Structures are given as C-alpha cells and as structure tokens.
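The exercises below are meant to be worked through with the sequence and the model open side by side. Try each task first, and then compare your reasoning with the solution that follows it.

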Amino acid sequence: MEMMKAAVMTEVKKIEMQQREKPQPKADEVQVKVEYVGVCGSDVHYFEFGRVGNFVVEKPIVLGHECGGTITAVGSDVKKLKVGDHVALEPGVPCGKCEFCLSGRYNLCPDVRFMATPPYDGAFQEYVVHPEALSFKLPDNMSTMAGALIEPLSVGFHAAKQSGAAVGQSAVVLGAGCIGLVTMMALRSMGVKKVIVVDLLPKRLEKAKELGAAAVVNSGETDAVKAVMDLTDGAGADLVFETAGSPVTSMMTSYLVKRGGTITLVGMTPKPEFNYNFGNIMDKEATIKSVFRYCNLYPTAINAVASGDIPIEKIVSDTFSFDEVQKAMQYNIDNKADVTKIVLDFTK
Ligand SMILES: [Zn+2]
Ligand SMILES: [Zn+2]
C-alpha cells in the first residue's frame, strides 16, 4: 500500500502530520500531487474555533480547499486531462441531479461535497483525487500557485457577476482582505475601473492601491460615507460590495449606494442580525444581492489571470512549507492585520 503525508486537524488549534493511504482515482477522477494550497479564512476559523456557522468539526479533518497541483494518474474514463497537466481544483463537488445543479446554480446544491467542510477532507495532504470535470487545466504561462488562488478569485468574479457589473460603473468595496482585493480585481477586469476601497488598516489599503484601487478610504480616520460621497460627486456608487463581514460595514451599504444601484453582500457576518436602513433601499430603489461561493467561473478566472489582466499572486503575503502548516495557521491567527493570504508551498 502506497502512503503519503496528510496534515490532520485532530483538535482545536492542533494539526498533526499523519501517514495515510495515497488515494487512487476512480474512473472519472484524476490524482493530483498537491503543490500549493491557499489558507482560507474558513480554514483558520475551523482551526481556531472548531466550527464555521453550522458546520462543526466532530472528527479529525484535513483542511485546505484552494488547491493547485500536477496530475500524477488518471482514471479509465478521463478524456481531456493527462499525467503531467497542471490543474486548479474546484473544491465543491455537487450532486449533479437536483434542481439547483440542473439549472446551473450548482453552488446552491444542498448535497455538495466541499473540500475541508465537515465531514469531507481537504487538500492539506500530498495527493488528492478529484473529478476530471472539476479539475481545470492551467495554461503554460500560469503557475500552480496562481492555480490555487483561482478559488478565492472565483468568489470575486461571482460577486462582480451577481452585482451586474458593467463597463464604466463606479464601485465601493468595503474590506481590503483577500476577498475584498479579489472582488476589486475582478471588477477592474470587467471594466469597472473606478473602485473605491474602504478598510481600517493602512497596510491593506496600501495593497489595494498597489493592485489598482482608484481611491482608498481609511474608515478609522475619516467618515467613510462622507468620503465616498465626495469621491462620487455626492451620488454614491453604482455598486457596493460588503466583504468585511462586519455589521458596521453592512449597515453602511444603504448609505453608500447610488439611486438605482446594487449592493452585494459577500462577507459572512459572525452576528448576522443587525439594524439596517431599508428606507434608504426603498427611496433609492436599490437592489441587494448576495454571494454563496461561485459557479461556472473557474475558466473565467483562469483566463483573466493567464491574459495578464489579474496579477493574482500579488495577494499572497506569506508562504510556509507544508511541514510548517501548524505554524502557518497560528501565524495567521496572530497576525490577522498583516496577512492577506498565506499559501502553503508543498514544493519546498
Ligand atoms: Zn477559500
Ligand atoms: Zn445538486
């Protein structure tokens, strides 16, 4: 029996290296040697608290769902992919049969098997097997690190698409963490160049500027609503995105949106019930949209990166080797203000 190393979270804040059987691909699956895995906010949350919302870790779990690597074996029915191909893995495997799957909104499938969401294991292990249909070949000019980052970037594209973003519009992105930054980059690649980014942390705002924000607002220093009004000639923004997952910024959205504009909720608020000014929404005939993961967007995100439109690797603030996974998770908890994205590098 062939064995491999897997990083198993055995209890809260404890990840242990274990030997596990190397997974072998079924007929429609590929076997992938994992090269880079991004650490997601949800991974850190499972590590720190043992749960995310209604998902509770009840038995040991392998975290990680933002994964790029190289194919090392293919099942007998695999047609397009071959050994040696570089791939990005879309981590949610939907049932393919329910009304949501059949209507193309498979991110809403109630029976999805999503990597690193209890009870399913994720990609903090040397090899994974995955359906060919959800393994996307990367062009030669793209690294498997960029491949791993296609997952968060797809969230950004889904947010931009949900909002109905169109060339020439203005946007405000609340929060300049990983998801705020990928939302901004997706918007820019879709022709929304006037993106105002709001955050409390100067370091994040600097990053947003570097990646193309038209203006940044430090909401700890200035009144963010007033600043956005000044930057939009008193009109507000066509599109407003809440990515910080905070009631304070969520409440701001109705004041920031332009008449007839669209608010898109992307961040998960730990305290999901709060006061909200729906009067503003009605006065302005504004629309509120929301985002749950993404669907049908891996090819879009891969093409946007391959074409040079989106320098996705620039969101990475820190890398750790696979063996340092415990340290990487703890570092993320201890340095939340400085980390935009940690990537585990399995090739080191
Ligand atoms: Zn993620
Ligand atoms: Zn389904």
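**Exercise 1. The enclosed space**

How many cavities of 30 Å³ or more does the structure hold?

Solution. Before starting, keep in mind that this is a predicted model. The search finds one cavity of 30 Å³ or more, and the largest cavity contains about 70 Å³ of space. The next step is to find the residues around this space: the lining of the largest cavity includes Glu-90, Gly-92 and Pro-94, then Tyr-106 and Asn-107, and further along the chain Arg-293 and Tyr-294.

**Exercise 2. A pocket and a salt bridge**

Find which strand gives the most to the lining of the second largest pocket, and then examine the salt bridge that Arg-20 forms with Asp-121.

Solution. Begin with the pocket itself, which holds about 420 Å³ of space and is lined by 20 residues, with Arg-113, Met-115, Asp-121, Gln-125 and Val-129 lying nearest its centre. Three strands, S2 (14–21), S9 (113–114) and S10 (127–131), each supply at least two residues of this lining, and S10 gives the most, with four residues.

Now turn to Asp-121, one of the residues nearest the centre of the second largest pocket. Asp-121 forms a salt bridge with Arg-20, in which the closest N and O atoms are 2.9 Å apart. The pair links distant parts of the chain, since Arg-20 is in strand S2 and Asp-121 is in the loop between S9 and S10, 101 residues apart. To classify the two partners, recall that partly exposed covers the range between under 20% (buried) and over 50% (exposed). Arg-20 has a relative accessibility of 23% and therefore counts as partly exposed, and Asp-121, at 33%, is partly exposed as well.

The loop between S9 and S10 also contains Pro-119, and a cis peptide bond with omega of about 5 degrees joins Pro-118 and Pro-119.

**Exercise 3. Salt bridges across the chain**

How many salt bridges does a search of the whole structure find, and are Glu-66 and Lys-341 buried or exposed?

Solution. The search of the whole structure finds 15 salt bridges. In one of them, Glu-66 pairs with Lys-341, and the closest N and O atoms are 2.8 Å apart. This pair links distant parts of the chain, with Glu-66 in strand S6 (residues 66–74) and Lys-341 in the loop between helix H11 (325–334) and strand S19 (342–345), 275 residues apart. Both Glu-66 and Lys-341 are buried.

Continue with the salt bridge between the side chains of Lys-203 and Asp-338, where the distance from N to O is 3.7 Å. Lys-203 lies in helix H6 (residues 202–210) and Asp-338 in the loop between H11 and S19, so this salt bridge ties together parts that are 135 residues apart in sequence. Asp-338 is partly exposed because its relative accessible area is 36%. Finally, salt bridges that share partners join Lys-82, Asp-85 and Lys-137 into one network.

**Exercise 4. The loop between S17 and H10**

Where is Phe-292 placed, and which residues form a nonpolar patch on the surface with Phe-292?

Solution. Phe-292 sits in the loop between strand S17 (287–290) and helix H10 (298–306). The other members of the nonpolar surface patch are Phe-100 and Leu-108, and the three together have about 230 Å² of accessible area. With a relative accessible area of 40%, Phe-292 is partly exposed.

The loop between S17 and H10 also holds Asn-296, whose phi is near 55 degrees, a positive value in a residue other than glycine. Asn-296 counts as partly exposed because its relative accessibility is 49%.

**Exercise 5. Another positive phi**

What value does phi of Lys-13 lie near, and where is Lys-13 placed?

Solution. Phi of Lys-13 is near 60 degrees, which is a positive value in a residue other than glycine. Lys-13 belongs to the loop between strand S1 (3–11) and S2. As the relative accessibility of Lys-13 is 37%, this residue counts as partly exposed.

Conventions: Residues numbered from 1 in each chain as written. Chains lettered and ligands numbered in written order. Predicted model: local features only at pLDDT ≥ 70, side-chain atom pairs only at ≥ 80, totals over all residues. Heavy atoms only, no water. Patch = residues over 30% accessible without salt bridge, like charges linked within 9 Å, V, L, I, M, F, W, Y side chains within 5 Å. Areas by Shrake-Rupley, 256 points an atom, 1.4 Å probe, with all protein chains shown as cover. Salt bridge = Lys/Arg side-chain N within 4 Å of Asp/Glu carboxyl O. Buried < 20%, exposed > 50% of the residue type's maximum accessible area, 1.4 Å probe, protein only. 1 Å grid on protein atoms, 1.4 Å probe; cavity = no way out; pocket = protein on both sides within 12 Å on 5 of 7 lines; lining within 4 Å. Points joined across faces, edges and corners; volume = space filled by probe spheres on them.
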